[in-house]
There are 2 protein chains.
Amino acid sequence: MTFDPWLIAPISALVSILVGLYFLRYINKQDSGNERMKEISRLIKEGAAVFIRREYTTLAIFLAVVALLIGIFLPQPVWQSSNLLLNLELPVVYLFGAFCSALAGYLGLNVATKANAKVANAAQGGLNKAFPVGFRGGAVMGLSVVGVGLLGISIVFGLTGLPIEQAVPAVLAFSFGASTLSLFAKAGGGIYTKTADISADLVGKVELGIPEDDPRNPAVIADNVGDNVGDVAGMGADLFDSYVASVVAAMILGAALALNLTGVGLIFAQIPLLFAAMGIFAAIVGALSVRVGPKGNPGNALNLGTYITTSIFIVLTAIVTWQLGPSWNLPSGGEWRLWGAAVVGLIAGVIIGVTSDYFTSEDKAPVLKTAEASKTGAALNIITGYSYGLRSVMLPLIGIAVAAAVAYEICLPLAAAGDTSFAVYGIALAALGMLSIVGLTVSNDAYGPIVDNAKGVAEQSGLSEEVIAITDELDSAGNTAKAITKGFAIGAAGLTVIALLAAFQEIARANGIPNLTFDIMDPFVLLGALIGVGVPAVFSAMVMLGVGRNAERMIAEIRRQFREIPGLKEGKPGVKPDYAKCVDIATVGALRELMPASITAIVITLIVGFVGGIKALGGLLAGSIFSSLLLALLMSNAGGLWDNAKKLIESGKFGGKGSDAHKAAVVGDTVGDPFKDTAGPSLNTMITVMSLIATLFATLIIKYNLLTYLKIQ
Amino acid sequence: MTFDPWLIAPISALVSILVGLYFLRYINKQDSGNERMKEISRLIKEGAAVFIRREYTTLAIFLAVVALLIGIFLPQPVWQSSNLLLNLELPVVYLFGAFCSALAGYLGLNVATKANAKVANAAQGGLNKAFPVGFRGGAVMGLSVVGVGLLGISIVFGLTGLPIEQAVPAVLAFSFGASTLSLFAKAGGGIYTKTADISADLVGKVELGIPEDDPRNPAVIADNVGDNVGDVAGMGADLFDSYVASVVAAMILGAALALNLTGVGLIFAQIPLLFAAMGIFAAIVGALSVRVGPKGNPGNALNLGTYITTSIFIVLTAIVTWQLGPSWNLPSGGEWRLWGAAVVGLIAGVIIGVTSDYFTSEDKAPVLKTAEASKTGAALNIITGYSYGLRSVMLPLIGIAVAAAVAYEICLPLAAAGDTSFAVYGIALAALGMLSIVGLTVSNDAYGPIVDNAKGVAEQSGLSEEVIAITDELDSAGNTAKAITKGFAIGAAGLTVIALLAAFQEIARANGIPNLTFDIMDPFVLLGALIGVGVPAVFSAMVMLGVGRNAERMIAEIRRQFREIPGLKEGKPGVKPDYAKCVDIATVGALRELMPASITAIVITLIVGFVGGIKALGGLLAGSIFSSLLLALLMSNAGGLWDNAKKLIESGKFGGKGSDAHKAAVVGDTVGDPFKDTAGPSLNTMITVMSLIATLFATLIIKYNLLTYLKIQ
């Protein structure tokens, strides 16, 4: 038996999980510090565990209902099905996808809530001791995301791989399962974290003037829990879903090549897995190489890791292309066109990340001007920050557009004139390339909330100013990394859903609609597109209003505790607030609020499809992509820049802490919180879910929709 | 010589202008009150005149440059032109369009700045005496807009009407001229008015706690001037441009029918003029019938006028269709399909207006919840209001989408199967229908700033509380009318640019690209669309940052005056602030800031066209339409609801004037100011200008663009 190159993907995934476990052991061996630190860490861990347990329980019911519906209707309605085993297969794969997504999130969360006190403790030995604890804590999450993701796809594909017609719905169902869970995890975590953050800040910082993370504040533990369930578990789920979707979209378009072209095997469905495996190896090397000296700069270390990973990915995929490419049966040198598409995507991703960085950096015009405008009051802080947020969308949009167009044109000549199948496959490979190094970007990103929490632990347990300063430095590097990852994540989601739209078109073609186009001047496409433009807006509104409602309940509770617990405000020794009550309010509220928005997005997609037909559905996806890219970029960047404008003022500029400018900047930061951590990033997942559900139900919708029934279309 | 029904359009336009003059004479006969009132009115009039003079002078240079470029390149570059007279014709028509737009704005402004004191004076005799002065003052503007607009088109069409190939670029150039001027007038006026408004409020209300319109405030005159140049002249220009563009788009699509189908005369280019004429007659009757009793409700009176006008339009166009329809040579009863499309558009417009009203009404959930959230501070006021703004976009988008789809389907059967030319003509007629009653909606809208100013005059000249209460009641009716008009204007602009996109496609077809579609999966369409999504965001950012910068300068000046002029703050008799200085700052700043954003939008359109070709340009327009509808609806509605949440609190709810909730609501209102009065409404005009420039240059771009030159496309 010769070695099948396809096996490289599951092998890389296992290696990734093993390295993750190695990092986990490293974290476990670190000391968690004194009793007070251990207690805080335990409270955070428990709060997070309670939330995740309750969230997953609630979701289990919802997932079961969706799985049932999938089983009844897909791939054929049971009453028409020739093989009922197939109707059993898809719901199982769907639940498996959801399970993998939950698992990756859980692993990351578990480590993150352990690592915070360990980072704080290590910081007593200096920056170079604390940094690896924080980074490797994040890397457990990063490597789990790609490892579990690629392993899951490999298992599904390996078990259902032939005939390819069967593998397509299976990998789609896996991806849809992952995305459903991610959507709820992201929205739920996002509502939780911002409820706690806003409430803690508004009562603590603004009304009472006590510092952030002050142990007297009843919401402080809920705030720390929120960082973990929102930024670690939520963000991990978000990128898990984009990552899986990008691989799946490329596999489906590759499978379509196998079906449409003669003499082409399954190879084009396997190349995405191969490239993804190289991304994993690159991310492992990158993660192992990240380190910082005693006087080093953690931000530079994180960025260096990104550049190393990017370079290794380019080299490794080039080697694979060189070695295996000739067996792909492409016109002479054609394999390099596929490689080129992936590289274009990755480079575009890095460029998008860097431009987001510009709009949120403390030494660049957007943050400086916003901070300066704060001197004239909160209103001008908001207007200025919001305007720069609006301005920030253009370059990433151009980056996505150019990456898609270049990848398309590079791969177009691989097929006969007039056949665009390789060209859209090129777009999917560009999306995959952009997401290939997700193992590292998630590591960088998850590092952020860990060190942020470490700072919280250090402050609450009264460690020295010097130690707090070290955790502060670690934290500010985390903020920059976060801005870059967000740009990356939005860009990648954009390209991925464009690839999914192409996959959707392929599936429609395979079902007897050969010339399906999404012409904007077609009234049904236009109808769908205009409704689609509204969906991300309504979704964002619903989650943000959820944060607002939830925060109002929590603010009332915090004020009550300060009023009714004697000695709390004054910080009398031994007097403790009721942390658990605030954790409970955040949990219950987030669970109540996370469902309606997500269900709305799913239901609108199905209604537009089953009423308006396949063209309206294509339009809906297109409109939603445009509007969610706009809103996601706007909200993420505006939120980030308000945050940093406030930090800049706190560092002493434009009046410094406690000045009127500072108060104005706090308003901007609070507005930005749900923008950047609840609504903005959830949109990535929302649009992926919409695309996947449309693709999965495409076959059914083509057969059964109201307009066809009424003979209007 | 028999009577040509085509002549009805210029006749209706002349009648409209005559009725406008009759209202003007009525206004002139009213008494302006005591010396103090006359002086304030004179100051406002002078300030507005200075701004308009300087604005038009600046624009004249820009318009001359554009006219020169048009002359050189259109319809053929001069070095290839067979008939140089044609190269002379378009710039002349372009300048004529700009002149007509300026004229309509000037007439409205002139009356509005006279009417304010007269309304205040009449209010001493009761509500029923003051109301007609305010309404008829606004109606001068409303009737001028439609009269001058339709007369201008009629003249251009009458002089160039045959051959039809020549009339198309001519009416386009006229519309483009009108839109260029409107864009600058809207952006310039919008920046002016919000600079003054924000600065006056922030220093006066927030810092010093003196009432709005207090004569001690150095910015009070600039603020009143701003209402006129922004809300009267700017808004009039905005609707002038949408109105003209909707008629022109329908004419072009009608002309295309004449060219493509055999046996069809010019009639389909003339029907839009005929329907527009019926709209004018309906608006005249509506305007003459608006009145209110001594204890009447001015808001109801305005709404009744809208319903009357709508009904009359439906009846008049039905009569025209019944009388003339049989001569249109359509399949039996086909003329009623065209009528149906226009009526669908109008009804959709009314529905959109009513839903915007929901989101900005003081007794509905959005405003109530936003006001309530203010109790928890400015941040939650902003988050809540913004979220409701996001939510408000869905229904109008569905309204536009359904109107377009229904009009399309109604008219589709008029052509042979597979031919969509009548269907897109139907969309254009729906846009025209929605805008047909503009004569009345502008009257209602211009009424708002007049009575707002009347209230200012009453307060500054110390009229009795009773009189001020009457002006207050008039004002609040104006706010509701304004919200409805804005929804109307955005919906109409959306449908109009969709029709223009169809016209753009027609022109491309006529130039040898028969099967031009804008398929989202085409990489060039996608490239254009993604860039297009960014354009309205960047445009909005530029004008809002312009307001921010300008306001900072003005705030510094107001603070200086309060600091340096002895006795000003205390209101010592005889001590007057330097109003002129503030007027000057607003003027200079607005002129400096209005150019860059507008030029950016125009230049991006041309670059995308000449680089990416006709498909990228189509994509750009589509992307811009989607994103500008989203942003315009969001910003207008959020702005309106913040304003009313503040008013609700000022009326005594949730803590009332001076409470913390009130301060928070003032922040929201201030953020909403540039949203609703600068950026939001300018987007309508921006997208119309982009569509017109693309359509005008389509022929040239098809021949000369980089991608075709490089043989990539």
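**Chain contact, helix packing and a long-range salt bridge**

In this predicted model, 72 residues of chain A are in contact with 72 residues of chain B. The size of an interface is often given as the accessible area lost when the parts come together. Between chain A and chain B the buried area comes to about 6,400 Å², and carbon and sulfur atoms give 83% of that area. On the chain A side, the residues that lose the most area to chain B are A:Met521, A:Leu530 and A:Phe626, which together make up 12% of what that side buries.

Salt bridges can be considered next. The rule finds zero of them across the interface of chain A and chain B, although a search of the whole structure finds 47 over all chains. One salt bridge joins the side chains of A:Lys576 and A:Glu39, with an N to O distance of 3.4 Å. This pair links distant parts of the chain, as its two residues are 537 residues apart. A:Lys576 sits in the loop between helix H16 (523-564) and H17 of chain A, while A:Glu39 belongs to helix H2 (residues 35-73) of chain A.

The helix that follows this loop, H17 (residues 579-650) of chain A, packs with helix H11 (residues 378-391) of chain A; their axes are 8 Å apart and the angle is about 135 degrees. An angle over 145 degrees would count as roughly antiparallel; H11(A) and H17(A) are therefore oblique to each other. Their crossing is right-handed. H11(A) contributes A:Asn381, A:Ile382, A:Gly385, A:Tyr386, A:Tyr388, A:Gly389 and A:Leu390 to the contact, and H17(A) contributes A:Leu634, A:Ala638, A:Leu641 and A:Trp642. By class, the residues of this contact are eight nonpolar, three polar and no charged.

A second helix pair in chain A consists of H9 (residues 334-360) and H12 (residues 394-411), which pack at an angle of about 175 degrees with their axes 9 Å apart. That angle makes H9(A) roughly antiparallel to H12(A). From H9(A), the residues that meet H12(A) are A:Arg337, A:Leu338, A:Gly340, A:Ala341, A:Val344, A:Ala348, A:Ile352 and A:Thr355. Their partners in H12(A) are A:Leu395, A:Pro396, A:Gly399, A:Ile400, A:Ala403, A:Val406, A:Ala407, A:Ile410 and A:Cys411. The contact of H9(A) with H12(A) divides into 13 nonpolar residues, three polar and one charged.

How values were computed:
Residues are numbered from 1 along each chain as its sequence is written. Chains are lettered from A and ligands numbered from 1 in the order in which they are written. This is a predicted model: local features need pLDDT of at least 70, side-chain atom pairs count only at pLDDT 80 or more; totals for chains, interfaces and linings use all residues. Side-chain values use heavy atoms; hydrogens and water are left out. Axes are lines fitted to C-alpha atoms, for helices over the stretch in contact, and angles run from 0 to 180 degrees between N-to-C directions. Helices (H or I, at least four residues) and strands (E, at least two) are DSSP runs, numbered from the N terminus. Angles under 35 degrees count as roughly parallel, over 145 as roughly antiparallel, 65 to 115 as roughly perpendicular and the rest as oblique. A crossing is left-handed if the near helix is turned anticlockwise from the far one by less than a right angle, and right-handed if clockwise. Contact means heavy atoms within 4.5 Å. Ala, Val, Leu, Ile, Met, Phe, Trp, Tyr, Cys and Pro count as nonpolar, Asp, Glu, Lys and Arg as charged, and the others, Gly among them, as polar. Buried area is the accessible area (1.4 Å probe) that two parts lose on being put together, summed over both. A salt bridge is a side-chain nitrogen of Lys or Arg within 4 Å of a carboxyl oxygen of Asp or Glu.
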